[in-house]
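User: I would like to go through some of the terms used for this model and see what each of them rests on. Please set the values against the definitions as we go.

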Amino acid sequence: MFTNLRLWANNLIGVGAAILIAVSVLTFFNLRGLDQVILEAERTELRQYAEAIRVDVSAETRLAEAMSTLVANIPEVQQHFAAGDRDWLQSQLLPPFKILEADYGAVQFQFHTPPATSFLRLHKVDKYGDDLSGFRHSVVDANTKQKPQRGLESGVAGLGARGVVPVFDQGRHLGSVEFGMSFGPDFFAAFKQGHGVEAGLHVFRDGSIETFAMTKGDKPLLDTASLQAAFDGTPQYKRIEVDGLPMVVYAERVDDYAGAPLGVLEVAKDRLHYLEVEARATNQAWLIGGLVLLLSLAIAFLTARVLARRLLRVAEGLNRVAAGNLTGEILLEGRDELAELAQTTNQMRHQLHGLVSQVETDAASVLTAAREIAQAVDGQAATSSQMSTSVAEITSTMEQLSASSGQIAEYSGSVVEVARRTYDGSRQGSEAMQQLVAKMEEIRRDNQHSLKEIVDLGSKSKEISRIMEIIDTVADQTKLIAFNAALEAASAGEAGKRFGVVAAEIRRLADSVTESTSEIARKVGEIQESISRLVITSEKGTVGIDQGMDASSRTASFLEELVQAASEATSSAQQISLSTQQQRTASSQVVVALREIVTASSDTAKSVRRISEVAQEMTQLSANLKVQMDRFTLNERATTALDSADTAARTE
């Protein structure tokens, strides 16, 4: 859409849109700021009303404390209170209390004995003697601390603004006196009448909310969560609607006489006045914004028209240049951007004039050069064709050489594989021979150990022979002793018969031992002969094992030399294979390079032919360029001549 409009119209639309956005944004944020100002004003006003309630409550409790202090310091009151004279106190103080109750809002007047026992209630003279210590903590504190206490506290008659003062008689503490001021729905109704705002107090008891007094309705205006937040110490401010009336509500915590949280104070006011102010400010802001927009559009329209006229003059000069007339100057007064554009256009016209003159001069030279290039290219094409043929022959020869190199590389690879298998086999044989040598060494050590044990066994068998000789000697001695015993038994007669039997048994046992030792000696002799044969056999085996060890060692040495030779052969074969691989790679690279040369030669021939075609095209383009250059007018005389020719042509 904008491309089809005039520049002044585009400028007017753009400026108008920018001004409209700016005015709208400024008006919007100004109204937002106004809303924040109104919000803060409402919050401040309600906070001041809440503070005014606090001040009124403080004034009530201070008045109660002042009256209690006055009564507590009357000497006659002190004396009769000390004497327990309830009748005198009632007769003297009841008339003044009636006046205070009627004119100054006093609702309670009573005396207490420590800690908090009712001594005299002037507002209820017939009721006294009850213990208040369970809920009247201000009385307990005044009598315990013996200091005045004032503030809000719940009692028998409900929540009240109280002032409790201790009473002394000649330095002796007697009890306390208390005044309670009017604090209830009438207090908040009076506040609403005096300030024109809704107010109320909601007391928290055992986690529940009870409305103590409220000038609008009989329940809180805020929700339970907001009241709980205010009771926890965070003041709440909200805008709500009550019966279709827009209102603003402020809530904050109220403490009792001891500073403990008691409840939440609510203050509310309608927002009609602020809404009217906000509506007037909004209308004024949009009206002023509209006027500013209209004035800005008018200024933008005038500015755009002036700029459009100056741009038209520049456009006329550019149209002459576009038509090929490079002689006329583009003049524009001023020092703004359009004047700079006109100067730049003039510089462009001068440069274009010089460029066209130079191009016209060079076109003829280009035509001549193009013809010479075409002739040179034809000769180059023939030379490229001959070179391509020669390179093709060289490529064929190198391909055969590359094939031979490939076969050699394959054979070299086979040799390397055989050498590797030989090296692996010899290395495995060497390892097996090393294991054989180790086993032979182990057998030799076992044989020597067995030979040593056999020799030790022979020595032990000889010791057995010596022991058997000792046993034979003992057996012979036993026989001799048995023989002597038999002789002695025979000479003893009947008394020695039993002893003779024993001697005979001993001799028979000795004979058995002799026979056994003979058999053992024979077996030991056989064992010694076997041991001698084993010793001889072991010595022969040792000689054979030593010879086997020598032969295995020599074989292991031969295998080590064979492994070394196989390793060297494998390395040489690998070097040969590597060299042949490199030769094959080099041959392949040469073949690839020659193929690329063939391709390049072919491409060169094609390029040369293309250059020839381009040279012919350049010749044609040069001629066309000369025709196009003739369209431009480079001097006034030529322009006049062309105009005359056109006029004559039209006349004819």
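Analyst: Let us begin with contact, which means heavy atoms within 4.5 Å. The model is a predicted one, and in it Glu76, Val77, His80 and Phe81 of helix H2 meet Trp88, Leu89 and Leu93 of helix H3.

User: What makes H2 roughly antiparallel to H3?

Analyst: The axes of H2, residues 75-83, and H3, residues 86-103, come within 9 Å and cross at roughly 150 degrees. Angles over 145 degrees count as roughly antiparallel, and therefore H2 is described as roughly antiparallel to H3.

User: Which classes of residue make up the contact of H2 with H3?

Analyst: That contact has five nonpolar residues, one polar and one charged.

User: Why are S7 and S8 said to stand at the edges of their sheet?

Analyst: The sheet is open and has five strands in the order S7-S6-S10-S9-S8, with antiparallel pairing. Strand S7 (208-214) and strand S8 (236-242) each have a single partner strand, so one side of each is left without a neighbour in the sheet. Neighbouring strands are turned by 30 degrees against each other on average, if direction is ignored.

User: How do you know that S8 and S9 are paired, and what stands opposite Lys238?

Analyst: Two strands pair if at least two bridges are found between them, and seven bridges join S8 to S9, which run antiparallel. Those seven bridges therefore satisfy the cut-off of at least two. Opposite Lys238 stands Val249 in S9.

User: Which helices lie across strands of this sheet, and at what angles do they run?

Analyst: Helix H5, residues 185-195, lies across S6 (198-205), S7 and S10 (261-270), and runs at about 150 degrees to S6. Helix H6, residues 224-231, lies across S6, S7, S8, S9 and S10, and runs at about 125 degrees to S10. Since angles over 145 degrees count as roughly antiparallel, the value for H5 against S6 falls in that class, whereas the value for H6 against S10 counts as oblique.

User: What makes a residue part of the lining of the second largest pocket, and which residues lie nearest its centre?

Analyst: A lining residue has an atom within 4 Å of a point of the pocket. The second largest pocket, with a volume of about 250 Å³, is lined by 16 residues, of which Arg54, Val57, Ser58, Leu152 and Asp255 lie nearest its centre. Helix H1 (7-72), strand S3 (149-155) and strand S9 (245-255) give two or more residues to this lining, and the largest share, five residues, comes from H1. By class, the lining divides into nine nonpolar, three polar and four charged residues.

How values were computed
Residues are numbered from 1 along each chain as its sequence is written. This is a predicted model: local features need pLDDT of at least 70, side-chain atom pairs count only at pLDDT 80 or more; totals for chains, interfaces and linings use all residues. Side-chain values use heavy atoms; hydrogens and water are left out. On a 1 Å grid over the protein atoms alone, a cavity is a set of points where a 1.4 Å probe fits but cannot get out, and a pocket is an open set with protein on both sides within 12 Å along at least five of seven lines; lining residues have an atom within 4 Å of a point. Grid points are joined across faces, edges and corners, and a volume is the space filled by probe spheres set on the points. Helices (H or I, at least four residues) and strands (E, at least two) are DSSP runs, numbered from the N terminus. Ala, Val, Leu, Ile, Met, Phe, Trp, Tyr, Cys and Pro count as nonpolar, Asp, Glu, Lys and Arg as charged, and the others, Gly among them, as polar. Axes are lines fitted to C-alpha atoms, for helices over the stretch in contact, and angles run from 0 to 180 degrees between N-to-C directions. Angles under 35 degrees count as roughly parallel, over 145 as roughly antiparallel, 65 to 115 as roughly perpendicular and the rest as oblique.
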